[in-house]
2 protein chains.
Amino acid sequence: MATKVLPQPERDEIRVEAVLQALGEPVRLTIVRALADNPAGVCCGEIELPVTASTRAHHLKTLREAGVLSTHTDGTRRISMLRREDLEALYPGLLTGILSAKQ
Amino acid sequence: MATKVLPQPERDEIRVEAVLQALGEPVRLTIVRALADNPAGVCCGEIELPVTASTRAHHLKTLREAGVLSTHTDGTRRISMLRREDLEALYPGLLTGILSAKQ
DNA sequence: TCAGTAGTTCGATCGTCATCGTACTACGAT
DNA sequence: ATCGTAGTACGATGACGATCGAACTACTGA
């Protein structure tokens with residue numbers, strides 16, 4: 001096994017500016033929507049995005065460091081999932097508000 | 001009198017990416033918090049901000065064009081207020097979630 | 001052990017945007 | 001009229017960040 005969780009901020013270290021800035025980018029918003037549709041977590045590479053793998057990694061890192069998502073390893077794969085509980089506790093309604101946008 | 005409302009997007013023209021990007025900037029978030037504390041509207045210049053007047057005007061324009069706030073003239077002054085109803089209708093919970101951040 | 005796959009890291013590039021100072025407009029008061 | 005005040009518009013600058021390719025790491029399976 002030896003799954004490992006990648007470094008991320010504790011709940012009380014999450015700053016709303018960082019969260020909003022992370023969410024205010026179209027590619028990252030696409031990622032967040034995909035994660036919201038799959039509460040069990042999604043393998044990074046499975047999300048269809050109009051960018052290369054390195055850019056994808058960059059966005060995932062940004063979202064993780066902002067506290068929006070959590071990533072753990074699973075073999076060579078990395079599974080990401082939304083930090084729903086933490087975000088809901090810190091900013092109740094924010095996530096559902098964003099996700100209810102009819103885009 | 002002759003108060004005039006500055007150009008702004010209709011409710012159905014507001015895009016969530018633009019809103020989040022607008023909110024993901026510390027100075028603009030400060031403005032939004034100040035407006036939230038004064039539902040009757042605030043004169044732009046009354047908000048204490050660590051930037052010059054031209055930068056302030058730039059941020060207010062960004063927020064207005066994103067659909068976050070509405071501005072109308074009042075003599076030489078311009079009164080801004082949050083578009084609470086529109087934002088709540090489009091993204092229910094988003095605004096309250098953001099404002100509940102203990103910053 | 002070796003090849004293949006998933007993903008990251010690094011450095012470079014390029015575009016966007018936050019910031020400022022200056023010049024301008026608009027309105028009110030004297 | 002003209003002066004002062006509130007605010008905008010414009011052009012320049014500098015910083016940040018989105019993007020890419022290439023090199024690298026880590027794990028799996030043959």
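Accessible areas here come from the Shrake-Rupley method with a 1.4 Å probe. The model is predicted.

**Figure 1. Surface of chain A.** Chain A exposes about 5500 Å². Carbon and sulfur atoms supply 50% of that area. Of its 103 residues, 49% count as buried, meaning under 20% relative accessible area.

**Figure 2. Secondary structure of chain A.** Chain A holds five helices and three strands. Along the sequence the elements run α-α-β-α-β-β-α-α. Two helices thus open the pattern, and two helices close it.

**Figure 3. Dimensions and packing of chain A.** The C-alpha atoms fill a box of roughly 35 × 30 × 20 Å, taken along the principal axes. The radius of gyration of chain A is 13 Å, which agrees with a compact globule, because 103 residues in such a globule would give a value near 13 Å. Take the contacts between residues at least 6 apart in sequence: 66% of them join residues at least 24 apart.

**Figure 4. Charges of chain A.** Chain A carries 13 positive and 13 negative charges. The mean positions of the two sets are 4 Å apart.

**Figure 5. Contact between chain A and chain B.** Chain A brings 20 residues to the contact, and chain B brings 20 residues. The size of an interface is often given as the accessible area lost when the parts come together. Between chain A and chain B, the buried area is about 1500 Å². Carbon and sulfur atoms give 70% of it.

**Figure 6. Close-up of Glu17(A), Leu20(A) and Gly24(A).** These three residues supply 28% of the area that chain A buries against chain B. No other three residues supply more.

Technical notes:
Residues are numbered from 1 along each chain as its sequence is written. Chains are lettered from A and ligands numbered from 1 in the order in which they are written. This is a predicted model: local features need pLDDT of at least 70, side-chain atom pairs count only at pLDDT 80 or more; totals for chains, interfaces and linings use all residues. Side-chain values use heavy atoms; hydrogens and water are left out. Helices (H or I, at least four residues) and strands (E, at least two) are DSSP runs, numbered from the N terminus. The radius of gyration is taken over C-alpha atoms; the globule rule is 2.2 Å times the number of residues to the power 0.38. Buried means under 20% relative accessible area, exposed over 50%, partly exposed in between (1.4 Å probe, protein chains only). Contact means heavy atoms within 4.5 Å. Lys and Arg count as positive and Asp and Glu as negative; His and the chain ends are not counted. The place of a charge is taken as NZ of Lys, CZ of Arg, CG of Asp or CD of Glu. Buried area is the accessible area (1.4 Å probe) that two parts lose on being put together, summed over both.
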